[in-house]
Amino acid sequence: MSPLSSTLPSSGRHVFAGDNHSSVYCFDASGERLWKLATGCGSAFSMQYLDDRLYIVTTDGTLACIDASEAAIAAARTGSVPQPVDVKAAASLEAVEPSVVLETVLETASEAGDGVVVECVREGERLRVRVVSPGYESWNVQFPKEIREAGARYLVDGVRSAGRGGFYRAYGEIRRLL
């Protein structure tokens, strides 16, 4: 089995993995396979463990929840697996139409003060935002697209490096710098 996805609960007692043949596995900490379950809804593309439940999103777009409690694992080892329950959104729910987004009006600032200055630049077809205040990498900044305007400078409370690096995320208030 080459796992397509896997997750390790914080207890470290079990490891869950999914393969590209629509199966989900449970292993104990020593690597012994405790059970194998056919999803019936595609391969587990992504999985997360929370509160004794294993949540998977499959390649066919299904969100599934699997009981992964100690009692359920013990029952599965003896061959006792509950019947799946298919839960669908109620057809009677009223569809919600997206609201019309009005033009965003930003507050303005005339000087940087303690903030970080970022600038919107055109790069081919795209509008990119980069930090122009000194002391920062020349990375792009994750910034709301609906307020980007080529050549405009903005003042943000701060920028933080993204967890995986390579770009910044703006945080705090955004003001148009005059």
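## Loops, core and pocket of a predicted chain

Ser30 sits in the loop between β3 and β4. With a relative accessible area of 66%, Ser30 is exposed, where exposed means over 50% relative accessible area, buried under 20% and partly exposed in between (1.4 Å probe, protein chains only). Its C-alpha atom and that of Val15 are separated by 9.7 Å, at a distance of 15 residues along the chain.

The model is predicted, so local features require pLDDT of at least 70 and side-chain atom pairs count only at pLDDT 80 or more, whereas totals for chains, interfaces and linings use all residues. Residues are numbered from 1 along each chain as its sequence is written, and side-chain values use heavy atoms, with hydrogens and water left out.

### Overall organisation

The chain contains one helix and 13 strands; helices (H or I, at least four residues) and strands (E, at least two) are DSSP runs numbered from the N terminus. In order from the N terminus, the elements are β-β-β-β-β-β-β-α-β-β-β-β-β-β. Of the 178 residues, 31% count as buried. Contact is defined as heavy atoms within 4.5 Å. Among the contacts between residues at least 6 apart in sequence, 38% join residues at least 24 apart.

### Loop and strand positions

Two non-glycine residues in loops have positive phi. For Ser22, phi is about 65°, and for Asp51 the value is near 50°. The table sets these two residues beside Ser30 and two strand residues.

| Residue | Place | Relative accessible area | Class |
|---|---|---|---|
| Ser22 | loop between β2 and β3 | 24% | partly exposed |
| Ser30 | loop between β3 and β4 | 66% | exposed |
| Asp51 | loop between β5 and β6 | 64% | exposed |
| Leu63 | strand β7 | 62% | exposed |
| Arg153 | strand β12 | 37% | partly exposed |

Leu63 is a nonpolar residue by type and is in contact with Ile56 and Val57, once its neighbours within four places in sequence are set aside. The C-alpha atoms of Leu63 and Met47 are 9.6 Å apart, and the two residues are 16 places apart along the chain.

Arg153 belongs to β12 (residues 153-161). Beyond residues up to four places away in sequence, Arg153 touches Val117, Val118, Glu119, Val132, Arg175, Arg176 and Leu177. Leu178 is 25 residues from Arg153 in sequence, and the C-alpha to C-alpha distance between them is 7.6 Å.

### The helix and its covering

Which residues of α1 are buried? They are Ala72, Ile73 and Ala76. Viewed down the axis of α1, these buried residues fall within an arc of 100°, so they line one face of the helix; the arc is taken over the directions from the helix axis to the C-beta atoms. An α-helix has 3.6 residues a turn, so residues three or four places apart point the same way. The covering of the buried residues of α1 includes β2 (14-18), β3 (23-28), β4 and β7. Gly79 follows α1 and has a positive phi, near 95°.

### Nonpolar cores

A nonpolar core is a set of buried Ala, Val, Leu, Ile, Met, Phe, Trp, Tyr and Cys residues joined through side-chain atoms within 4.5 Å. The largest such core holds 14 residues, and those with the most contacts inside it are Phe16, Val24, Trp35, Met47, Leu54 and Ile56. At least two residues of this core come from each of β3, β4, β5 (44-50), β6, β7 and α1. A separate, second core has 13 residues, including Cys120, Phe143, Val156 and Val159.

### The largest pocket

The largest pocket encloses about 880 Å³ of space. On a 1 Å grid over the protein atoms alone, a pocket is an open set of points where a 1.4 Å probe fits, with protein on both sides within 12 Å along at least five of seven lines; lining residues have an atom within 4 Å of a point. Grid points are joined across faces, edges and corners, and the volume is the space filled by probe spheres set on the points.

The lining comprises 29 residues, and those nearest the pocket centre are Ala64, Cys65, Ile66, Pro84 and Val85. Two or more lining residues are given by each of β4 (33-38), β6 (53-58), β7 (63-67) and α1 (70-77). Which element supplies the largest share of the lining? That share, five residues, comes from β7. By type, the lining divides into 20 nonpolar, five polar and four charged residues. In this scheme Ala, Val, Leu, Ile, Met, Phe, Trp, Tyr, Cys and Pro are nonpolar, Asp, Glu, Lys and Arg are charged, and the others, Gly among them, are polar.
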